[in-house]
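Biologist: I'd like to learn how to read a structure like this one, feature by feature. Could we go through it together?

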Amino acid sequence: MTEISRRSLLATGLAAGTLATAPALAAPRTAPPKPYGAVPSPRQWRWHGREQYAFVHFSINTFTDKEWGYGDESPKLFNPTDFDADQIVAAAKAGGLRGLILTAKHHDGFCLWPTTLTEHCIRNSPYKDGKGDIVREMADACRRAGLPFGLYLSPWDRNHADYGRPAYVDYYRAQLTELCTRYGELFEVWFDGANGGDGYYGGAREARKIDAPRYYDWPSIVALVHRLQPNACTFDPLGADIRWVGNEDGVAGDPCWPTMPNQPYDQKNGNAGVRGGAIWWPAETDVSIRPGWFYHADEDSKVKSPERLIRLYDESVGRGTNLNLNIPPDRRGRIPDQDVRILKSFGDAIRATFARDLAKGAVAHASHNRGPDFEPAHVLDGNRETYWSTPDGVTVSELILDLKPGTSFDVIRLREYLPLGVRVTRFAIDAEIGGAWRTLAEHECISAQRIIRLPAPIAPRRARLRIVEAPACPAISEFALFRSVAPVPVPPIISSDPSVLDTSGWRIVEASAPDAERLLDNDAATIWLQPAPTHDRPARVTIDLGKPVELAGFSLTPSRQVMTGAAPPKGYVAETSDDGTNWKPAASGEFSNIAYALSTQRIAFATPRQARYLRLTFAETAVTARRLAIAGIGGFTATR
Ligand code: FUL
Ligand code: CA
């Protein structure tokens, strides 16, 4: 018998005679391991248990078909016809989302609550004759459903006359005070990083640049929130409880460490975090179920499928971050039916997959044991506060599950006990099949959780977690096994807006770079990429619309992938043709604000016309970049 296996048998009390000869004295208690490196605050530790929640972008933009309002929109435009907070909350719950964060105010400055601080608010809208309060209705609906509630309050305010001056920061703090004192407990408060640029600013209509950290004095704003809402995690700037994952595609780095250097945020480190970083600043992965953050009828056909959402879950929650999934209400003030169907399919699949830990009933034993309070069996008890550990100094170690015969699984979930810090640097998972050990996966970082999906189910006799590298003894709170349940497919729909053309019959005739089909696949995550164009060598794509259509304009969706060194086009030349040979000009100009808002642009022709072919030419990128990226092209006909 090797030393390791003999010791592991002793530890689990299985070696012959140990039980019989053990003295009747209580075993001496061993102290828990000392924390390693940065650790979460109690508020952050609670937040890690939340896993996924809903982001709800709803405001003036919902009614103007924009992603970023300029700030001069009339409050009268805000008029949901059938607002139903309970329906929105029910959709979030169906999706398995365990909290909800509402945009109380987006960049355009319009406030969804009847604030005493500005006239640019719901009081001056037709909704409930100015007596409505969307923040209150959402907060109450969340409370009824037992869902924690949070708020987004855009620091950038394109309506406010004082934006850029000290007086605005006082206004912003007063807004936060109203929100943190009127609506009960908040679990998260979201500060958007988009800050400064052109806007209405009380009629000045100019560009205002600010130096955000200096202007806002974030630590004091974070302290204000913590004073009024001690359980609310603040999102994003240095000093806040949570960091941005560095993209809006829903993908965390692999690994994604919850620690960072104590320095202002930088996007590259934000995605993967920094092992051994001085502060606990875990990532939140934010992404929208649709291409845009706000509802647009022409994106009804582009809602992410349940299969896509599962992949996003694996690449965010499965890498130890929390997923903040945006589900935007439509102009009725409800989550659209298609999005509800998809959320339900996604939520059902996740619930069914993780309903039962198949490792329960296995016998757990380890190469090394710290003592009775740190038993290997603690990884099977479904309790995130109990964990297996080894003696100090024993870092390379392993934990084996002797499975119940016939246990078949294809999903593995591991969790570390985070109050003691991130301890495991690298680990492997092995399975014993037919008497031989086979490595299934090897990764860096476990942290809050690590989900590993196998290509197909396996039914080994034993499964093993091998800690390959760690600076401190491990503290593993879970080693669970599941059998994945696939989501029920939800067929895509054609837009609910009759003016939006169905592009399924469209085809690329000619393009200046390969893969132009990606413009037509209804998927904003696949992009058409090419070297940045010039006026001499423009980018160009010609599309056959399949049959002559009444074309009133086109839409262009930029890529939201912010780390590709690419930018969207600055402007466009659109031409149409009946035969693909003779071309007529249709429209030309610049896209408004495309580089920063990265939102779908809808360009109407001066006059609708019959056309079989559409040709688009792009001569420049919107900002200096190595490459041009476009995610999608669509078209619309005149509304009848
Ligand atoms: C970004 C904003 O500019 C978007 O409009 C959206 O609110 C997103 C969550 O954050 O920075
Ligand atoms: Ca446990």
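Biologist: Let me start with a glycine. Not counting residues up to four places away in sequence, which residues does Gly96 touch?

Modeller: Before I answer, keep in mind that this is a predicted model. With neighbours up to four places away left out, Gly96 touches Gln52, Gly347 and Arg351. You'll find Gly96 in the loop between helix 5 and strand 2 (100-105).

Biologist: Is Gly96 buried or exposed?

Modeller: Buried means under 20% relative accessible area. Gly96 is buried because its relative accessible area is 18%. Sequence separation and distance in space are two more things to look at: Gly96 and Phe78 are 18 residues apart in sequence, and their C-alpha atoms are 29 Å apart.

Biologist: Now helices. How should I read one?

Modeller: An α-helix has 3.6 residues a turn, so residues three or four places apart point the same way. Take helix 11, which covers residues 337-353. Helix 11 has 17 residues and reaches 24 Å from its first C-alpha to its last, close to the 24 Å expected at 1.5 Å a residue.

Biologist: Which residues of helix 11 are buried?

Modeller: The buried ones are Gln338, Asp339, Ile342, Leu343, Ser345, Phe346, Gly347, Ala349, Ile350 and Thr353. The elements they pack against include helix 5 (85-94), helix 10 (306-316), strand 16 (409-416) and strand 21 (475-482).

Biologist: Thr353 is on that list. Why does Thr353 count as buried?

Modeller: Because its relative accessibility is 3%, and the cut-off for buried is under 20%. Leaving aside neighbours within four places in sequence, Thr353 is in contact with Val411, Phe482, Arg483, Ser484 and Val485. Look back along the helix too: a polar atom of the Thr353 side chain lies 2.7 Å from the backbone oxygen of Ala349.

Biologist: Can we try another helix? Where is the kink in helix 8 centred?

Modeller: On Ser220, with a kink of about 40°. Helix 8 (residues 212-228) has 17 residues and reaches 23 Å from its first C-alpha to its last, close to the 24 Å expected at 1.5 Å a residue. Among its buried residues are Tyr215, Tyr216, Trp218 and Ile221. The buried residues of helix 8 pack against helix 3 (42-48), helix 7 (166-182), strand 4 (188-190) and strand 7 (233-235).

Biologist: Let's follow that into helix 7. What does Tyr168 touch?

Modeller: Tyr168 is in helix 7. Not counting residues up to four places away in sequence, Tyr168 touches Lys105, Ser154, Pro155, Trp156, Asp157, His160, Asp162, Tyr163, Tyr215 and Tyr216. Pro155 deserves a second look: the side chain of Tyr168 reaches the backbone oxygen of Pro155 at 2.5 Å. The C-alpha atoms of Tyr168 and Pro155 are separated by 9.6 Å, with the two positions 13 residues apart along the chain counted as their separation. Tyr168 is buried, since its relative accessible area is 0%.

Biologist: And backbone angles? What should I look out for?

Modeller: Most residues other than glycine have a negative phi, and most peptide bonds are trans. Here, phi of Tyr201 is near 45°, a positive value in a residue other than glycine. Tyr201 sits in the loop between strand 5 (197-199) and strand 6 (206-208), and is buried with a relative accessible area of 1%. Phi of Asn522 is positive as well, near 65°. Asn522 is in the loop between strand 22 (507-511) and strand 23 (528-531) and, at 31% relative accessibility, counts as partly exposed.

Biologist: Which residues does a cis peptide bond join?

Modeller: Asp254 and Pro255, with omega about 5°. Pro255 lies in the loop between strand 8 (243-244) and strand 9 (259-260).

Biologist: Last topic: empty space. How do I find it?

Modeller: Rolling a probe the size of a water molecule over the atoms shows where empty space is left. In this model there are three cavities of 30 Å³ or more, and the largest has a volume of about 80 Å³. Its lining includes Lys302, Asn522, Asp523 and Ala524. Strand 29 (residues 627-636) gives the most to that lining, with four residues.

Biologist: Which residues lie nearest the centre of the second largest pocket?

Modeller: Lys304, Arg308, Asp523, Ala524 and Ala525, out of 32 lining residues. About 530 Å³ of space lies in that pocket.

Methods: Residues numbered from 1 in each chain as written. Chains lettered and ligands numbered in written order. Predicted model: local features only at pLDDT ≥ 70, side-chain atom pairs only at ≥ 80, totals over all residues. Heavy atoms only, no water. Helix = DSSP H or I, 4+ residues; strand = E, 2+ residues; numbered from the N terminus. Buried < 20%, exposed > 50% of the residue type's maximum accessible area, 1.4 Å probe, protein only. Polar contact = N/O pair within 3.5 Å; in protein donor to acceptor, adjacent residues only side chain to side chain. Contact = heavy atoms within 4.5 Å. Expected span 1.5 Å × (residues − 1). Bend = angle between axes of the 7 residues up to and from the residue. 1 Å grid on protein atoms, 1.4 Å probe; cavity = no way out; pocket = protein on both sides within 12 Å on 5 of 7 lines; lining within 4 Å. Points joined across faces, edges and corners; volume = space filled by probe spheres on them.
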